[in-house]
Each structure stands twice: as structure tokens, then as C-alpha cells.
Amino acid sequence: MDLGRRNRIEQRTARVWSLPEGTGPEPWHDPFKAVVEVRCHVEEFNPRRRCFEPRQAPVADDLVTRDASTATLAEAIRGHWGIENRLHDVLDTALGEDASRIRKNPGVFA
């Protein structure tokens, strides 16, 4: 659980289903060992109402090629998102994507 980071509370739950050998009909299915489902319950702080409100978060399903514990797989998936978030910060600093006038006022683009 992440508490108080970026004005939101996140709680993730992960479930793992092992895949028996030869589960898929195609040969490229053979390396997959398990399916991981990650659900995230998010509550964001609404400054106008001064309270936390639930937000719908998507469910993530991943195929993995090694056997590991649920905690290890959940940590690896969370770590992957950390890489993508850091990359966005670097690109935004270099290219100024978030300050784009198109995002703030789409009418200028039209």
C-alpha cells in the first residue's frame, strides 16, 4: 500500500494462476508459466470537497515465463511501471510535453 504519495492512496492486490505445460494450442505458448492479475484500488484527494474519492483503475494482466511467488511477481511488475514513469519525467524535461499548448487549449491546434 502506498499512503500519501501524490495526494492519493493506492492498494494493489495480485493473484497468480500457474499454467500447466502445454496449455496453449500454439508452440509459442510453451514458455509461459503463469498469469498474473494486478488490481489497484485508488483513492485521490479532492481539494474542493477536502476528502478522498475512489477512482476506477484498470486491471493489469501479465504473462510470465518463470515461476516465482506472488509477492516477487507483483514487485517486478510495479518496478516496471517505475521505469516508465521515470522515462516520462526525462522526456518531459527535455521536450516539454506537459507544457504543450495543444493539451492546454486544443482549439489552437484546430
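So, two helices and five strands: that is what the protein chain has in this predicted model. Reading along the sequence, you meet them in the pattern β-β-β-β-β-α-α. The chain runs to 110 residues, and buried residues make up 13% of them. Its accessible surface comes to about 8,900 Å², and carbon and sulfur atoms account for 54% of that. As for contacts, take those between residues at least 6 apart in sequence: 48% of them join residues at least 24 apart.

Let's go inside. Which residues form the largest nonpolar core? There are 6 of them: Ala34, Val36, Val38, Val64, Leu73 and Ile77. Two elements, strand S3 (34-46) and helix H1 (70-95), each supply at least two residues of this core. The largest share comes from S3, with 3 residues.

Please find Val38 on your screens for a moment. Setting aside neighbours within four places in sequence, what is Val38 in contact with? The list is Thr13, Ala14, Pro58, Val59, Ala60 and Ile77. Of those partners, Ile77 is one you have just met as a member of the core.

Now slide along S3 to Asn46, which also lies in that strand. Is Asn46 buried or exposed? Buried, because its relative accessible area is 19% and the cut-off is under 20%. Again leaving out neighbours within four places, Asn46 touches Cys51 and Glu53.

Since Cys51 has come up, a word on cysteines. Cys51 is partly exposed, with a relative accessible area of 31%. Cys40 also counts as partly exposed, at 21% relative accessibility. How many disulfides does the model have? The count comes to 0.

Between S3 and strand S4 (51-55) there is a loop, and Arg50 is found in it. Here is a backbone detail I'd like you to look at. Most residues other than glycine have a negative phi. Arg50 is not a glycine, and yet its phi is positive, about 60°. Is Arg50 buried or exposed? Exposed, at a relative accessible area of 70%.

Last topic: the aromatic rings. To describe a pair, we give the distance of the centres and the angle of the planes. The count comes to 2 aromatic pairs. One of them joins Trp28 and Phe32, edge-to-face, with 6.5 Å centre to centre and 85° between the planes. Trp28 is exposed, with a relative accessible area of 56%, whereas Phe32 is partly exposed at 22%.

Then we have Phe45 and Phe52, with ring centres 5.3 Å apart. Why is this pair called edge-to-face? Because the planes stand at 65°, and over 60 degrees counts as edge-to-face. Both rings belong to partly exposed residues: Phe45 is at 34% relative accessibility, and Phe52 is at 38%.

If you'd like one place to keep on screen while we talk, I'd suggest the stretch around the S3–S4 loop. You will find Arg50 with its positive phi there, the contact of Asn46 with Cys51, and the edge-to-face pair of Phe45 and Phe52. Thanks, everyone, and over to you.

Terms used
Residues are numbered from 1 along each chain as its sequence is written. This is a predicted model: local features need pLDDT of at least 70, side-chain atom pairs count only at pLDDT 80 or more; totals for chains, interfaces and linings use all residues. Side-chain values use heavy atoms; hydrogens and water are left out. A nonpolar core is a set of buried Ala, Val, Leu, Ile, Met, Phe, Trp, Tyr and Cys residues joined through side-chain atoms within 4.5 Å. Buried means under 20% relative accessible area, exposed over 50%, partly exposed in between (1.4 Å probe, protein chains only). Helices (H or I, at least four residues) and strands (E, at least two) are DSSP runs, numbered from the N terminus. Contact means heavy atoms within 4.5 Å. A disulfide is a pair of cysteine sulfur atoms within 2.5 Å. Accessible areas come from the Shrake-Rupley method with a 1.4 Å probe; for residues, only the protein chains shown count as cover. Rings of Phe, Tyr and Trp (its six-membered ring) pair if their centres lie within 6.5 Å; planes under 30 degrees apart count as stacked, over 60 as edge-to-face and the rest as tilted.
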